[in-house]
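The following note sets out numbered remarks on the structure shown below. Kindly read each point with the coordinates at hand.

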Amino acid sequence: MRWTVGLAAVAVLGLSACSKPAEKTDEQAAAPAFQPSQTPPKRKPGLWEQRVSTGDFVQVTRICLDETTDQKISFWGAQATRDMCEKNLFSARVGGGYQFSSVCDMGSGGKTTTSGTATGDFNSKYLVQAESSTVGAAAPQMNGLRKLTIEAAWQGACPEGFKPGDMALPGGMKINMLDMAAPPKAP
């Protein structure tokens, strides 16, 4: 179950979701972490089905998006991690589509470097292909190189009972990705 929720979070929060801010030098703090060459595409509001593949493992999830949620949980993870990673870049590719890369210090989860591409019209479908490498994680199985593919297709309006950010996981479990992306509340 933890693997399912973790993979779903990676798929939506991005391929580089970080759990703690990296300490930055004054020079790094002054430079913007997000340096787009143009405005990123926006996904059409509604229900998106995502097929997430990592090697032989495949998981299908559905997420409800509106314009505000799409800005907070972008398909490549920049909004969720812009203040938390030492590098988080996104730009249009000359031949079409987009490319992204990030470097995030995930504390006991290690340091993760991710790069990839995204193609599609973002109104009916898109495809993300990424490679991620983690080193220094406390749990040895988290370290290593992983390839990830996300195939997403728009399904229509969000069904009744789904609010923006809600994600349906296999087995009927539902979580809200906005709640997962929010910083922990002080006791």
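1. C158 is partly exposed, because its relative accessible area is 25%, a value that lies between the limits of 20% and 50%. C64, in contrast, counts as buried, with a relative accessibility of 2%. This model is a predicted one, and the values discussed here are computed from it.

2. Which residues form a disulfide with C64 or C158? The two cysteines are bonded to each other: the sulfur atoms of C64 and C158 lie 2.1 Å apart, and this distance falls within the cut-off of 2.5 Å. The total number of disulfides found is 1. In general terms, such a link is a covalent bond between the sulfur atoms of two cysteines.

3. The geometry of the link may be stated briefly. The rotation about the S-S bond is 105°, and the link of C64 and C158 is right-handed. It connects distant parts of the chain, with the two positions 94 residues apart in numbering. C64 belongs to strand β2, residues 57-65, whereas C158 sits in the loop between β7 (144-156) and β8 (166-168).

4. Strand β2 leads to the sheet as a whole. How are the strands ordered in the sheet? The sheet is open and holds 9 strands in the order β3-β4-β5-β6-β7-β1-β2-β8-β9, with antiparallel pairing. Its edges are β3 (87-92) and β9 (174-176), each of which pairs on one side only. Direction ignored, neighbouring strands are turned against each other by 20° on average. As a general matter, strands of a sheet pair through backbone hydrogen bonds.

5. The edge at β3 can be described in further detail. Strand β3 runs antiparallel to β4 (residues 98-105), and 6 bridges join the two. Within this pairing, N88 stands opposite S102 of β4.

6. On the overall fold, the protein contains 5 helices and 9 strands. Along the sequence, these elements follow the pattern α-α-β-β-α-α-β-β-β-β-β-β-β-α.

7. Some totals complete the note. Of the 187 residues of the protein, 41% count as buried. Among contacts with a separation of 6 or more, 59% are between residues 24 or more positions apart. The accessible surface of the protein amounts to about 10,100 Å², and carbon and sulfur atoms contribute 53% of it.

Note on methods:
Residues numbered from 1 in each chain as written. Predicted model: local features only at pLDDT ≥ 70, side-chain atom pairs only at ≥ 80, totals over all residues. Heavy atoms only, no water. Helix = DSSP H or I, 4+ residues; strand = E, 2+ residues; numbered from the N terminus. Buried < 20%, exposed > 50% of the residue type's maximum accessible area, 1.4 Å probe, protein only. Contact = heavy atoms within 4.5 Å. Areas by Shrake-Rupley, 256 points an atom, 1.4 Å probe, with all protein chains shown as cover. Pairing = 2+ DSSP bridges. Axes fitted to C-alpha atoms, helices over the stretch in contact; angles between N-to-C directions.
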